[in-house]
Amino acid sequence: MIWVIEQISISSSKVYLKEVDSGIERVISVPDALDAMMVGESLFIRSANHLWEVNPTDGFRKRVSVTQASREVIELFSMT
């Protein structure tokens with residue numbers, strides 16, 4: 001499945017996604033969301049203190065402290 005970010009709402013801490021082929025829409029919410037990007041099949045959401053990796057298909061998410069996140073992922077956000 002190929003997901004695209006339709007909208008990021010910082011005020012409501014939500015990321016709106018759409019699956020390209022089927023048109024399925026998802027809303028993923030994490031506390032204090034600041035930015036988001038798709039990397040492969042994963043959605044990464046940067047919040048004030050954490051980086052979230054989310055599987056858009058099933059909604060499974062894991063939280064990683066920003067200080068523990070891989071440098072490669074942190075650098076991706078600095079390029080946007």
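Here is a walk through this structure, from the overall layout down to a few side chains. Keep in mind as you look around that the model is predicted.

Let's start with the big picture. The protein chain is built from 7 strands and 1 helix. Follow the sequence from its start and you meet the strands one after another, with the helix coming at the end: the pattern reads β-β-β-β-β-β-β-α.

So what do those strands make together? Strands S4, S5, S6 and S7 line up in that order as an open sheet of 4 strands, and the pairing is antiparallel. Strand S4, covering residues 33-39, and strand S7, covering 61-65, sit at the edges, each with a pairing on one side only. If you look across this sheet, neighbouring strands are turned by 20° against each other on average, with direction ignored.

Now zoom in on one pair within the sheet. Strand S6 takes in residues 50-54, and 5 bridges join it to S7, the two running antiparallel. A handy spot to find here is Leu 51, which stands opposite Val 64 in S7.

Next, how much of the chain is tucked away? The protein chain has 80 residues, and 30% of them are buried. On the outside, the chain exposes about 5000 Å², with carbon and sulfur atoms supplying 49% of that area. You can also ask how far along the sequence the contacts reach. Take the contacts in the protein chain with a separation of 6 or more: 23% of them are between residues 24 or more positions apart.

Finally, have a look at the charged side chains. Side chains of opposite charge can pair when their charged atoms come close. How many salt bridges are there in this model? The count comes to 2.

One of these salt bridges brings together the side chains of Lys 18 and Glu 25, at 3.6 Å from N to O. That distance falls within the 4 Å limit for a salt bridge, so the pair counts. The two partners have their own degrees of cover: Lys 18 is partly exposed because its relative accessibility is 28%, while Glu 25, at 56%, counts as exposed.

In the other salt bridge, the side chains of Lys 62 and Glu 53 meet at 3.8 Å, again N to O. Are these two buried or exposed? Lys 62 has a relative accessible area of 43%, so it is partly exposed. Glu 53 is partly exposed too, with a value of 26%. This salt bridge also takes you back to the sheet, with Glu 53 in the 50-54 stretch of S6 and Lys 62 in the 61-65 stretch of S7.

Note on methods
Residues numbered from 1 in each chain as written. Predicted model: local features only at pLDDT ≥ 70, side-chain atom pairs only at ≥ 80, totals over all residues. Heavy atoms only, no water. Buried < 20%, exposed > 50% of the residue type's maximum accessible area, 1.4 Å probe, protein only. Contact = heavy atoms within 4.5 Å. Areas by Shrake-Rupley, 256 points an atom, 1.4 Å probe, with all protein chains shown as cover. Pairing = 2+ DSSP bridges. Axes fitted to C-alpha atoms, helices over the stretch in contact; angles between N-to-C directions.
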